[in-house]
Amino acid sequence: MFNLILFGPPGSGKGTQSEKLIAKYGLKHLSTGDIFRSEISNQTELGLKAKSYMDAGQLVPDAVTIGMVDKVINANKGVNGFLFDGFPRTKAQAEALDELLKGHGTEINVVLALDVPENELIQRMIGRAKTSGRSDDADPEVQQKRIAVYRNETLAVADHYRTFNKVVQLNGLGSIDDIFASLCQEIDSRK
Ligand code: AMP
């Protein structure tokens with residue numbers, strides 16, 4: 001298996017690049033944000049639990065998120081590998097993911113981290129809100145909160161994987177195709 005984490009702040013292009021990467025490499029896309037949004041639109045118990053946190057720009061509690069990821073991994077045993085997008089977002093989630101993967105005899109191969117300056121992130125969220133209808137992209141207070149959560153809680157995930165030499169920082173500014181090409185180069189050199 002080849003498992004990768006596409007890492008970066010909200011609005012850094014993880015979703016866009018994930019779509020292209022899963023098409024090229026046949027990986028299973030695991031976006032916790034997408035799963036939560038689908039649970040919300042299906043009005044499930046999990047969706048109800050997640051919604052208030054998402055609307056406020058806060059993280060859904062680790063136990064809920066990790067339990068959900070565990071189920072998805074167990075339900076996809078035969079895949080080539082996973083592309084984790086928007087997960088892990090805390091050090092506890094990263095440690096839990098390492099344990100889950102270990103239980104399946106595999107591990108994270110690489111963390112590709114997209115660097116995008118904060119003012120650009122806000123512009124991208126505003127642009128995305130127009131077509132996605134995502135209220136967490138449209139509200140300036142929630143945008144700021146999500147960036148603060150990234151700084152205070154999620155950057156620790158990169159630190160965690162840096163201790164295992166698994167992190168590659170990439171420029172997240174430029175055309176979608178150029179960024180995709182640099183991501184592919186890193187993957188191809190490791191596969
Ligand atoms: P995203 O689509 O990745 O930007 O996520 C949207 C929102 O879903 C986040 O602001 C969080 O409220 C929630 N969320 C997504 N992934 C996670 C995660 N790994 N841990 C906790 N909350 C998450």
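Helices (H or I, at least four residues) and strands (E, at least two) are taken here as DSSP runs, numbered from the N terminus. On that basis the protein chain has nine helices and five strands, in the order β-α-β-α-α-α-β-α-β-α-α-α-β-α from the N terminus.

The model is predicted: local features need pLDDT of at least 70, side-chain atom pairs count only at pLDDT 80 or more, and totals for chains, interfaces and linings use all residues. Residues are numbered from 1 along each chain as its sequence is written, and side-chain values use heavy atoms, with hydrogens and water left out.

Values for the whole chain are as follows.

| Property of the protein chain | Value |
|---|---|
| C-alpha span along principal axes | about 40 × 40 × 30 Å |
| Exposed area (Shrake-Rupley, 1.4 Å probe) | about 9400 Å² |
| Buried residues (under 20% relative accessible area, 1.4 Å probe, protein chains only) | 46% of 191 residues |

The radius of gyration, taken over C-alpha atoms, is 16 Å; this agrees with the value near 16 Å for a compact globule of 191 residues, the rule being 2.2 Å times the number of residues to the power 0.38. Among contacts (heavy atoms within 4.5 Å) with a separation of 6 or more, 75% join residues 24 or more positions apart.

Helix 1 covers residues 14–25, and its end C-alpha atoms lie 16 Å apart, in agreement with the 16 Å expected for twelve residues at 1.5 Å a residue, where the count is one less than the number of residues. Its buried residues are Lys14, Gln17, Ser18, Leu21, Ile22 and Tyr25. Seen down the helix axis they fall within an arc of 135 degrees, so they line one face of helix 1; the arc is that of the directions from the axis to the C-beta atoms. The buried residues of helix 1 pack against several elements, including strand 1 (4–7), strand 4 (110–115) and helix 9 (176–188). Just after helix 1, Gly26 has a positive phi of about 65 degrees.

Methods
Buried means under 20% relative accessible area, exposed over 50%, partly exposed in between (1.4 Å probe, protein chains only).
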